[in-house]
Amino acid sequence: MEGFLVQATLYLFAAVVAVPIANRLGMGSVLGYLIAGVAISPILGAFGTDPEDILHFAEFGVVLMLFLIGLELEPRQLWGMRHRLLGLGGLQIAVSTILIALAAYWIGRIWAIEELAHWTVALAIGLTLALSSTAIVLQTLGEKGLTRSDGGRASFSVLLSQDIAVIPMLALIPLLAIPELIAEVSHGAEVGHGGKQEMELRLLDGQPGWVATLAVIASVAGIVIGGQYLTRPMFRFLSHARLPEIFTAAALLLVIGIALLMTVVGLSPALGTFLAGVVLANSEYKHELEADIEPFKGLLLGLFFITVGAGINFVLLFEDFFAILGLTLGLMLVKGAVLYGLAKLFKLRGAAGWLFTLSLAQAGEFGFVLLSFTMQNGVIPTELGSSLSLMVALSMLFTPGLFIFYERVIAKRIDANLPEEDEIGETGPVIIAGLGRFGQIVNRMLLSNGHKTVVLDYHNELIAGLRHFGVEGYFGDPSRPELLLAAGIRDAQVLVVALDDQEKSVQMVEHVTREYPHVKIVARAHDRQHTYALYAAGARDIVRETFDSSVRAGRYALEKLGHHPFQAERAARAYVKLDRHNLAELARLWDPEISVMENERYAAKAREINARLEESMRGLRTEYHDRTERGWTPPPKGGAVKD
């Protein structure tokens, strides 16, 4: 118990200190966790504790992460991704495996390394190192807001393919065993090390192949059928207890039970929980499961990253520093070249291609699993496996640095000079910059009313989807003055700014206001701060994302409270008018250099406006009650449809 408390204290203290500092410096939480692990590694050694003791526990964070990923993917959506999974993901795994295997075999021949001279060893190394880190990549993409970008979507597809590919890899690796190594592994197991032995529950060990195959099929079928027909009644029964901790316990029981089942039949626990998540993606308990498991996932993933950093064998590294470092960088270079070629083949243009290339160039956490599996089955010698594990850990350690390099160097240069943009053949009175949900609705409304639009977006998949439905759109960075000029900004009447990037949207409004003052600007704002920035840049017709829907919800609530529909509608319109006026007053006092909490003039005006707003709305209610004419009511026949 004392040893566990020492480790827990060290891990948590390192995380609490290192991660906030790393975030403040713009390095991201993943790099902070890895650095924390490296920092406490000598202390763990001084206390005689081994990071391996807690690594298996921490790896459960990866299992939980894949369960949550599965919850976000409905089976129909997964089927819709089949071309990316089989094409992009399948090619990445196949080409990377072949090139890494050939490189390993060539190194074994040239440097006379007997262990690498076997083609089976080289192939096992290729399979192991072809995989990337799902945990690091998805965590970092999420933190940097890149998950929904073209590069982020492509990276997710490849990671999903790799996770699924672990199943056939686990089936193939035992067939690559070398008889001499099997004898060594068996002898080592018989002699033992005089210490404690891990208890492994593998019921299928020693069974015929057809029994193992049937067990695997039955397990997968059980997860699908159970997830579809048994979990709903179970969660419905538990919900009646109205005890949140019991529901959380049930969610963890579901994940741990599936992980145990997969371990028993010799499959990856992460893959089993991912499948369960996909099955439950349509469940009404989906969001409750996400909320219950998310805290455990985040903590365990952080612990996993710390153990990876703490597990780096610096003694082995410094024994042959330049060789191991060179091989690690060579591995990342080979994988990067494959990824860059696939980005070109699948038309991931501009920054998306570079994000895809740099984010997946490392080896991944499943590499540790496969290396351990290969050593247990006599495929790779133990000494070679230790060196390869060190390469995997180092490549994961370098990955956050690649994200920083992409964000601070490559993305800025690509954005400043994006290649291969579409040539714009037509112009129109309306230019829509940004094709997210907001931009799409505006575009459909204008088209349905007979107005010609020119749609610009730097997400290639969105443009391709638009064209699939017969609507013309153009790929490119809408914030670039050259692209706006090509789209006909000189003759345009209206510009709709619906970009996700707040900074770029403000820059675009500033440019158009200054250079083309005749163009009316309708801008989408993410929040009140963004609204003030757009107002300062020159926009006056600013639509906050949730404002209109919130006003409509308030109007419905007034009606449910017994207010006449005429009164509720009138109150809603008055509130919008007053808020628009008040927002302009506050925008003039907003200072981007000062927090609104510290801006006394802003705070005083806000208090004055709140009092004035309440008084105006109270007067409106009194005025309504004093009116003698009959208020508007919906027509009795057919019913009125709320907007």
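Here are some friendly notes on the aromatic rings, the ring-facing charges and the cavity in this predicted model.

1. **How many aromatic pairs are there?** Counting rings whose centres lie within 6.5 Å, the structure has 6 aromatic pairs. One of them joins Tyr33 and Phe305, with 6.2 Å from centre to centre and 40° between the planes. This pair is classed as tilted because its angle is neither under 30 degrees nor over 60.

2. **Where do the two partners sit?** Tyr33 belongs to helix α2 (residues 29-46) and Phe305 to helix α15 (residues 286-310). The two are 272 residues apart, so when you find them side by side in the viewer, you are looking at a link between distant parts of the chain.

3. **Are these two rings buried or exposed?** Tyr33 counts as buried, since its relative accessibility is 17% and the cut-off for buried is under 20%. Phe305 is buried as well, with a relative accessibility of 1%.

4. **A second pair to look at.** Phe314 and Phe318 form a stacked pair, 6.1 Å centre to centre with 25° between the planes. Both lie in helix α16 (residues 314-319), and because they are 4 residues apart there, about one helical turn separates them.

5. **What is the exposure of this second pair?** Phe314 is partly exposed, at 28% relative accessibility. Phe318 has a relative accessible area of 57% and is therefore exposed, the cut-off for that class being over 50%.

6. **Which residues join them in a cluster?** Phe314 and Phe318 belong to one aromatic cluster together with Phe321 and Phe322. Try selecting these four residues at once to see the group.

7. **Charges over rings.** Two arginines are worth a look here. Arg540 lies over the face of Tyr535, 3.7 Å from the ring centre. Arg544 places its charged end over the ring of Phe547, at 4.2 Å from the centre of that ring.

8. **How many cavities of 30 Å³ or more are found?** A search of the whole structure gives 1. The largest cavity holds about 30 Å³ of space.

9. **What lines the largest cavity?** Its lining includes Met27, Val30, Leu31, Glu143, Lys144, Phe403 and Ile404. The elements giving two or more residues to this lining are α2, α8 (134-143) and α20 (382-416). Sorted by class, the lining has 6 nonpolar, 3 polar and 2 charged residues. Helix α2 thus appears twice in these notes, as the home of Tyr33 and as a contributor to the cavity lining.

Technical notes
Residues are numbered from 1 along each chain as its sequence is written. This is a predicted model: local features need pLDDT of at least 70, side-chain atom pairs count only at pLDDT 80 or more; totals for chains, interfaces and linings use all residues. Side-chain values use heavy atoms; hydrogens and water are left out. Buried means under 20% relative accessible area, exposed over 50%, partly exposed in between (1.4 Å probe, protein chains only). A charge sits over a ring if NZ of Lys or CZ of Arg is within 6 Å of the ring centre and within 35 degrees of the ring normal. On a 1 Å grid over the protein atoms alone, a cavity is a set of points where a 1.4 Å probe fits but cannot get out, and a pocket is an open set with protein on both sides within 12 Å along at least five of seven lines; lining residues have an atom within 4 Å of a point. Grid points are joined across faces, edges and corners, and a volume is the space filled by probe spheres set on the points. Ala, Val, Leu, Ile, Met, Phe, Trp, Tyr, Cys and Pro count as nonpolar, Asp, Glu, Lys and Arg as charged, and the others, Gly among them, as polar.
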